[in-house]
Protein chains: 2
Amino acid sequence: MGIAERKEREKEELRERILVAAKNLFLEKGVEKTSIRNIADLIEYSPGSIYHYFKDKNEIFHVLHQGGFQQLMGRMEVLESVSNPMERLKGMGSIYVQFALENPDMYDLMFIKDAPILHVSNSNEEQWKEGFGTFNFLRATIQECIQTGHFRGHEEEALSFLVWSTVHGMVSLRIRRRCEVVLAQRQDTIVKDGLNEFFNILDRLSS
Amino acid sequence: MGIAERKEREKEELRERILVAAKNLFLEKGVEKTSIRNIADLIEYSPGSIYHYFKDKNEIFHVLHQGGFQQLMGRMEVLESVSNPMERLKGMGSIYVQFALENPDMYDLMFIKDAPILHVSNSNEEQWKEGFGTFNFLRATIQECIQTGHFRGHEEEALSFLVWSTVHGMVSLRIRRRCEVVLAQRQDTIVKDGLNEFFNILDRLSS
DNA sequence: ATTTTTTTTTGAACAGTGTTCATTTATTTT
DNA sequence: AAAATAAATGAACACTGTTCAAAAAAAAAT
């Protein structure tokens, strides 16, 4: 009988509708300022219904959080055809920054917001493979750079963290509006300019 | 008559007590999860009273926020005796990172949390001189480095932003627990190790 | 010393929050 | 058509930031 399957499908549909509504509201007003009632209003269901599909607000956040990593990883895939590891490294930087600036709220959710990440790491660590994957891709690339003679005298893991920190630092200062006061005139280009300075530095370390 | 003065003093004292209580609670439970009632309970006053000393919760946050910048600037002052600009630059990095790791919640308040910063920049821009000052100190130092032959081919403002971003990136990834999953074994040393890699890079750019 | 004025403090009230759960409504199976 | 199952509801609970008329306390004036 296909009834059970249809019901399953309908359940999944409503679950998806909740996620879409939550995502829109989260990105529009922020996680904190989005209430379960707001989400319920948007999908025209009662607040209580949402708790039949998600344990709590954190779980909704968590699912969207994971989706972000899959998106970012997806963008990185085009780099697998770039054989030169230094070029690939720079490509990763560009894609990372572009992703962050194009999806500032999603980036915020993924790398800046702190609320429900503890809940995540406490529960299912399997679900972190996505975030794990992106960083491991960076590490593998830097390892290749070292193997081909770049970054002499540097330690791979710490250097990978440093590179990640540099791009994260720029975009997070931008996203959290710390440039506005201190670099008012140059707000729109400062991240791109900073990234270029960074690429210059990377090139100098090659020789 | 000294009565008015005594009253003024008492008012200032209660204001200070509110700030101390708020700071403790903010750093302990976070700004968001600290309620006005929590603060009122701690100082044994009614919730309404607090609104006679501060316009709203944001103003309390704002005053503490400013205090953080003054603290950080204070720590930087010892570097004014360091004449070599490259050494001074590295000293700034060390002090910045140390401040952040020793006062993670205050750092969070100053550079990561986003809630009330708009309110700040909209209101009194005078009050931002502290944050302005720290960054300008960095810029001045890097300018000196350039004048003494370092960082050839780099642009001062963008490079300053990049340097700030690098240290901010490391400490903010640490504070917001993004190292836990990805660098579990090395959590406690990764920021120090990353900073050393950064110092190595800076030294290489000197020659 | 008593009354008036000013200052300070209160706590109830408002509109909002996340979450729970007995009850109602809708659907499927018998 | 009746019984059983599944899904959705919305009132209720304990919380949130904030406001404001009223009460209490303190100071000033009489």
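Leaving aside neighbours within four places in sequence, which residues is A:Ile60 in contact with? Let's start there, and keep in mind that what we're looking at is a predicted model. The list runs A:Ile18, A:Leu19, A:Ala22, A:Phe26, A:Ile36, A:Ile39, A:Ile50 and A:Phe54. I picked A:Ile60 for a reason: the largest nonpolar core has 125 residues, and A:Ile60 and B:Ile60 touch the most other members of that core.

Okay, a quick word on confidence. Chain A has a mean pLDDT of 87, with 87% of its residues at 70 or more. There's a stretch to watch, though: residues 115-127 of chain A have pLDDT below 50, and in the model that stretch makes 14 contacts beyond near neighbours in sequence. Where pLDDT is low, the predicted coordinates shouldn't be read in detail.

Now, on to the DNA, beginning with strand C. There are 21 residues around DNA strand C, and the ones that come nearest are A:Arg6, A:Arg37, A:Tyr51, B:His52 and B:Tyr53. If you take the atoms of strand C that come within 4 Å of the protein, sugar and phosphate make up 60% of them.

So what do the individual polar contacts look like? On the chain A side, a polar side-chain atom of A:Tyr51 sits 2.7 Å from a phosphate oxygen of DNA strand C. A:Thr34 uses a polar backbone atom instead, 3.1 Å from a phosphate oxygen of that strand. Over on chain B, an N or O atom in the side chain of B:Tyr45 is 3.4 Å from a phosphate oxygen of DNA strand C.

Which helices supply at least two residues each to the surface near DNA strand C? From chain A, those are helix H1 (3-29) and helix H2 (36-43), and from chain B, helix H1 (3-29) and helix H3 (47-50). By class, the surface near strand C splits into seven nonpolar, seven polar and seven charged residues.

Next, DNA strand D. Here we have 22 residues around the strand, and A:Ser46, A:Tyr53, B:Arg6, B:Ser35 and B:Arg37 come nearest. Sugar and phosphate account for 63% of the strand D atoms within 4 Å of the protein.

Have a look at B:Arg37 in particular: an N or O atom in the side chain of B:Arg37 is 2.7 Å from a base nitrogen of DNA strand D. With A:Ser49, the partner is a phosphate oxygen of strand D, and a polar side-chain atom of A:Ser49 lies 2.8 Å away from that oxygen. B:Lys57 comes in through its backbone, with an N or O atom 3.1 Å from a phosphate oxygen of DNA strand D. The elements giving two or more residues to this surface are H1 and helix H3 (47-50) of chain A, plus H1 and helix H2 (36-43) of chain B. The class count near strand D is seven nonpolar, seven polar and eight charged.

Before I stop, two residues in other helices. B:Ile95 is in helix H5 of chain B, residues 85-102. Is B:Ile95 buried or exposed? Buried, because its relative accessible area is 13%, and the cut-off for buried is under 20%. Not counting residues up to four places away in sequence, B:Ile95 touches B:Arg75, B:Met76, B:Val78 and B:Leu79. The C-alpha atoms of B:Ile95 and B:Val78 are 10.0 Å apart, with the two positions 17 residues apart along the chain.

And then A:Glu156, in helix H9 of chain A, residues 156-175. A:Glu156 is buried too, with a relative accessible area of 13%. Beyond four places in sequence, A:Glu156 is in contact with A:Arg139, A:Ile142, A:Gln143 and A:Ile146.

Note on methods:
Residues are numbered from 1 along each chain as its sequence is written. Chains are lettered from A and ligands numbered from 1 in the order in which they are written. This is a predicted model: local features need pLDDT of at least 70, side-chain atom pairs count only at pLDDT 80 or more; totals for chains, interfaces and linings use all residues. Side-chain values use heavy atoms; hydrogens and water are left out. A nonpolar core is a set of buried Ala, Val, Leu, Ile, Met, Phe, Trp, Tyr and Cys residues joined through side-chain atoms within 4.5 Å. Buried means under 20% relative accessible area, exposed over 50%, partly exposed in between (1.4 Å probe, protein chains only). Contact means heavy atoms within 4.5 Å. pLDDT is the predictor's confidence in each residue, from 0 to 100. Helices (H or I, at least four residues) and strands (E, at least two) are DSSP runs, numbered from the N terminus. A residue is near a molecule or strand if one of its heavy atoms lies within 4 Å of it. A polar contact is a pair of N or O atoms within 3.5 Å; within protein, one must be able to donate a hydrogen and the other to accept it, and residues adjacent in sequence count only if both atoms are side-chain atoms. Ala, Val, Leu, Ile, Met, Phe, Trp, Tyr, Cys and Pro count as nonpolar, Asp, Glu, Lys and Arg as charged, and the others, Gly among them, as polar.
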